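Here are my notes on the model you sent round, as numbered points. Have the coordinates open while you read.

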Amino acid sequence: MSPMPVLPTDRRADLHLHTTFSDGTFSPAELVREALQAQLAAVAVTDHDCVDGVPGAVAAAAGHLEVIPGIELTVAFRGVELHVLGYCLDVEAPAVRERLAAMRRQREVRLQQMIDRLKPYGITVSLEEVLRLSEHGAAGRPHLARVLAQRGYVKTAEEAFARFIGDTAPCFVKRATLTPASAVEFIRSAGGVSALAHPARFVPDAWLPELLAAGLQGIEAYHPDHSRQVADRYRQYAEDHHLLVTGGSDAHGAWKANGPTVGSVTVPYAYVEQLKQAAGRR
Ligand code: AMP
Ligand code: ZN
Ligand code: FE
Ligand code: FE
């Protein structure tokens, strides 16, 4: 008698990952390779303000790994910046592409403003150099900092933040941000479901009801910023409020020294099915 095929009993998913299309250092194909090595069943590509890493990941996965088209949006709420994750987006829809292109243009205008502010310090870099580092996806201050280091104006990216582009440094320009409701609306209009990313980083629990009232459908309980205890608390909160639960490593690759690796934080595959169901329900 032939032995029963061994089926993976514990299929896991990492639902928070960045690529070279935002501020990660893995190309979509490299990300997929890491995920396969970690024996994941599914990943979500969640670049900041950009979905252009998704097709490359889908192609590289070649059916061996499920790739959920995702995004991570920055929103302003009560004077701080929060992150909202979107899952199961229709990344091909023209309206979605147009909204994302507009966000990208805003990023480019802001980067150019910071580049202009660097000129009095004798620093000359081009927007193109900075954009190239994000594959013309979602470039931001991390990319500008890296260019300043590569060009020898500073020794490290940290020094670039400290001297020039950190929140209180002279060449910093604020970034345009969405409201929680408009981020949720965008994700919904793209056919996706939204979840509040790593709430422990910035959000006291007292803020959660108002955020959820904006239409957020889920909460990222599992994240490297959350201890086991914190994650369990959010999972319970989600259960009590009929919210979806998500989680992932938020791996960015090599730019962040000792940062999380792909697959270091995962959720059961059943959570992916719940996300897909919620997205399909509308
Ligand atoms: P942006 O969205 O373009 O404003 O860039 C924000 C990102 O810059 C953050 O997610 C951090 O990765 C990075 N960042 C901000 N401040 C610092 C800092 N002082 N040192 C190093 N990285 C920083
Ligand atoms: Zn990031
Ligand atoms: Fe985030
Ligand atoms: Fe992230």
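1. Start with the zinc ion (ligand 2): its site comes out irregular, with angles of 52 to 138° among its 4 donor atoms. To count as tetrahedral, four donors would need all angles between 85 and 135 degrees, so this set is classed as irregular. Bear in mind throughout that this is a predicted model.

2. Who holds the zinc? The zinc ion (ligand 2) is coordinated by Asp23 (OD), listed twice, along with His48 (NE2) and His252 (NE2), at 1.9 to 2.6 Å. Along the chain, the donor residues of this zinc ion follow D-x24-H-x203-H. His48 sits in the loop between S2 and helix H2 (54–61) and His252 in the loop between S7 and S8, so the two histidines tie together parts 204 residues apart in sequence. His48 counts as buried at 11% relative accessibility, and His252 does too, at 5%.

3. Next, the iron ion (ligand 4). Its protein donors are His16 (NE2), His18 (NE2), Glu72 (OE) and Asp250 (OD), lying 2.1 to 2.3 Å from the metal. This site is irregular as well, its 4 donor atoms making angles of 77 to 167°. The sequence spacing of the donors reads H-x1-H-x53-E-x177-D. Here, too, distant parts of the chain are linked: His18 is in the loop between strand S1 (12–17) and helix H1 (28–37), while Asp250 is in the loop between strand S7 (244–247) and strand S8 (267–268), 232 residues apart. Both His18 and Asp250 are buried.

4. Then the iron ion (ligand 3). Glu72 (OE), His83 (ND1) and His198 (NE2) are its protein donors, at 2.0 to 2.2 Å. Glu72 therefore deserves a look in the viewer, being listed as a donor for the iron ion (ligand 3) and for the iron ion (ligand 4), with donors defined as N, O and S atoms within 2.8 Å of the metal. The spacing for ligand 3 is E-x10-H-x114-H. His83 belongs to strand S4 (residues 80–87) and His198 to the loop between strand S5 (193–196) and helix H8 (208–213), a pair 115 residues apart that links distant parts of the chain. His83 is buried, with a relative accessible area of 12%, and His198 counts as buried at 1%.

5. How far are the irons from the zinc? The iron ion (ligand 4) and the zinc ion (ligand 2) are 4.3 Å apart. For the iron ion (ligand 3), the separation from the zinc ion (ligand 2) is 5.7 Å.

6. Now the pocket. The largest pocket holds about 1100 Å³ of space. Of its 35 lining residues, the closest to the centre are Asp23, Glu81, Arg141, Pro142 and Phe161. Asp23 is a name we met already, as a donor to the zinc ion (ligand 2). Strand S3 (66–77), S4, helix H3 (94–118), helix H5 (141–150) and helix H6 (157–165) are the elements that give two or more residues to this lining. H5 gives the most, with 5 residues. Sorted by class, the lining has 11 nonpolar, 10 polar and 14 charged residues.

7. On to the sheet. It is open, with 8 strands in the order S7-S6-S5-S4-S3-S2-S1-S8 and mixed pairing. S7 and S8 stand at the edges with a single partner strand each, so one side of each has no neighbour in the sheet. S1 and strand S2 (residues 42–45) run parallel, joined by 3 bridges, and Ala13 stands opposite Ala42 in S2.

8. A closer look at the S7 edge. Strand S6 (residues 218–222) and S7 run parallel and are joined by 4 bridges. Gly218 has Leu244 in S7 as its bridge partner. Which way do the S7 residues point? Leu244 and Thr246 face one way, Val245 and Gly247 the other, and all are buried.

9. Last, a small loop detail. Val91 lies in the loop between S4 and H3 and counts as buried at 10% relative accessibility. Val91 and Pro69 are 22 residues apart in sequence and 7.1 Å apart in space, C-alpha to C-alpha.

Methods: Residues numbered from 1 in each chain as written. Chains lettered and ligands numbered in written order. Predicted model: local features only at pLDDT ≥ 70, side-chain atom pairs only at ≥ 80, totals over all residues. Heavy atoms only, no water. Donors = N, O, S within 2.8 Å, 3.2 Å for Na, K, Ca; no water. Buried < 20%, exposed > 50% of the residue type's maximum accessible area, 1.4 Å probe, protein only. Tetrahedral: all angles 85-135°; square planar, octahedral: opposite > 155°, others 65-115°. 1 Å grid on protein atoms, 1.4 Å probe; cavity = no way out; pocket = protein on both sides within 12 Å on 5 of 7 lines; lining within 4 Å. Points joined across faces, edges and corners; volume = space filled by probe spheres on them. Nonpolar A, V, L, I, M, F, W, Y, C, P; charged D, E, K, R; others polar. Pairing = 2+ DSSP bridges.
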